[in-house]
Amino acid sequence: MHPPSLLCALSLIGAIAAQAPQLTPEVLGRPTVGCVAAVGSSSQARLFGGQAWVGGVVPFTLHPTVSPAMAVSLQSAMLEITTRTRVRFVLRTTEPDYVLVRDATINSSPIGRQGGLQVLYLANWNATFEVVHALMHVLGFWHEHQRPDRDTFVQIQAANVDPARAVEFAVVPLGSTYNLPYDFGSVMHFGATEASSNGSPTMIVLPPNQSQQASIGQRLQLSPGDVEVLRRTYGSLVPPLIVSATPSSVTSYRASAITLTGERFDEASRVLFRGAAASYQVLSPTQLRVTLPLLPAIGPAPISVESGAGLSQPVVVQVTGLDPPQLEGPPVLNSQFSIPFRVYSSNGRQILLLAAFNNSPSIASGIVSLGIGNNFSAYGEVATGIADASGQWLTNLTGPSGLPSGTSIWLQAVSFDLANFTLPLAVTNVLPVRAF
Ligand SMILES: [Zn+2]
């Protein structure tokens with residue numbers, strides 16, 4: 001909890017300005033607007049109205065009032081953040097936007113990057129998580145109890161609030177919840193009697209969470225929720241994690257999508273399918289949909305998700321061929337120009353394309369008489385080929401000349417194992433076409 005004299009509020013900036021006449025009025029003018037907001041790249045951030053720190057890099061410099069021991073304390077607090085997210089605090093060289101850290105009698109900071117010089121005032125240097133709390137303001141985060149939905153969770157006891165600090169209890173209307181649960185354990189939550197003018201509670205936790213009343217306002221650690229909002233704003237130190245892929249097997253035959261379940265997908269910058277970039281859609285931090293290329297090669301296919309923190313371990317999905325194979329083509333066969341027909345099979349299969357006519361026996365009688373199909377007794381072979389790596393075989397057919405227009409033709413393909421070229425493995429559908 002903040003000791004009463006240690007305010008992180010911005011309402012006192014005017015007083016600070018009076019104490020720090022060496023700072024230019026325009027610098028101090030900004031925070032008097034309130035916790036002037038910042039907005040991250042994501043509009044759903046708990047930062048808004050201003051800017052996040054670009055790339056998570058926060059340049060800072062130490063005012064001469066900061067002793068070496070204070071600097072060590074500051075560094076400890078910074079490490080609590082930088083060991084969990086991609087935020088980096090760096091000593092300023094020439095960066096135009098930076099934080100001047102100085103010793104003060106209160107803790108105070110504007111919210112997020114202001115542009116140009118901004119000042120972080122620190123008083124209780126040795127309370128690491130009070131400093132962390134102040135650094136969270138620097139990074140763009142408001143108090144947890146200022147969330148727009150806070151009235152569902154806590155009831156402010158306005159009569160007990162020190163009027164000078166009332167602003168610290170105001171709901172921030174544009175504040176986002178990141179769709180995360182209200183976090184009673186946040187390092188950004190006030191304690192029950194924080195900013196009290198009379199020692200009575202300034203905040204009552206509402207049912208059914210009354211058991212949190214004694215624990216709000218902790219300053220011992222970043223809560224998991226604190227770490228999550230930091231991660232969503234500035235990124236994680238570790239790559240995304242893929243837990244599962246659904247489905248785990250797809251056919252090469254049709255365009256398909258695979259939904260990955262895991263963590264940190266909202267940080268995805270690229271998805272790799274067999275090492276090549278694939279199109280994808282982030283559904284949520286825990287779900288991502290990958291659209292597979294049409295006709296991928298048959299076989300195992302690793303999928304990885306990349307973020308600024310690196311590449312995830314892959315999940316391996318299987319791309320299979322079609323068994324039985326599928327014959328596709330247009331409904332006509334022209335005697336003037338060739339028309340494409342395709343068989344989707346397993347890769348490496350020998351494919352025979354057969355035809356029969358409604359007004360004649362097989363044109364290659366005796367070659368194949370397998371009892372396949374159901375309208376005719378024999379087929380003639382019209383083309384052969386081998387399915388490629390994706391299991392596709394493409395052939396262009398021209399209808400026999402002189403065939404009366406409208407003649408019914410039945411096409412069917414048979415696949416064989418090249419290594420054991422005796423009996424057909426499977427037959428396709430019968431594709432009826434008409435002479436054109
Ligand atoms: Zn604060």
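A residue counts as buried here if 20 or more other C-beta atoms lie within 10 Å of its own, exposed if 12 or fewer, and partly exposed in between, with C-beta atoms placed from the backbone. By that yardstick, buried residues make up 38% of the 436 in the chain. Keep in mind that this is a predicted model, where local features need pLDDT of at least 70, side-chain atom pairs count only at pLDDT 80 or more, and totals for chains, interfaces and linings use all residues. Numbering starts from 1 along each chain as its sequence is written.

The chain holds five helices and 24 strands; these are DSSP runs numbered from the N terminus, helices being H or I over at least four residues and strands E over at least two.

Let's start with the open sheet of four strands, ordered 2-1-3-4 and paired in parallel (pairing takes at least two DSSP bridges between two strands). Strand 2 (88–91) and strand 4 (117–122) sit at the edges with a single partner strand each, so one side of each has no neighbour in the sheet. From one strand to the next the twist averages 35°; axes are lines fitted to C-alpha atoms, for helices over the stretch in contact, and angles run from 0 to 180 degrees between N-to-C directions. Six bridges link strand 3 (residues 98–103) to strand 4 in the parallel sense, and Tyr98 has Leu117 of strand 4 as its bridge partner.

Now for the helices. Helix 3 (residues 68–82) packs on this sheet, touching strand 1 (57–62), strand 2 and strand 3, at about 145° to strand 2. Contact means C-beta atoms, placed from the backbone, within 7 Å. Helix 4 (residues 128–139) lies across strand 1, strand 3 and strand 4, at about 160° to strand 4.

What about the largest nonpolar core, meaning a set of buried Ala, Val, Leu, Ile, Met, Phe, Trp, Tyr and Cys residues joined through C-beta atoms within 7 Å? This core has 34 residues, and Leu120, Leu122, Val131, Val132 and Leu135 have the most contacts inside it. Helix 4 gives the largest share, seven residues. Leaving aside neighbours within four places in sequence, Leu135 touches Ala77, Met78 and Ile81. Another core, of 23 residues, lies apart from that one and includes Tyr253, Leu327, Leu397 and Ile409.

Further along, three strands make an open antiparallel sheet in the order 16-18-21. Its edges are strand 16 (326–328) and strand 21 (392–397), each paired on one side only. Strand 16 runs antiparallel to strand 18 (residues 339–344), with three bridges joining them; Gln326 has Tyr344 of strand 18 as its bridge partner.

Conventions
Contact = placed C-beta atoms within 7 Å. Core = buried A, V, L, I, M, F, W, Y, C linked by C-beta atoms within 7 Å.
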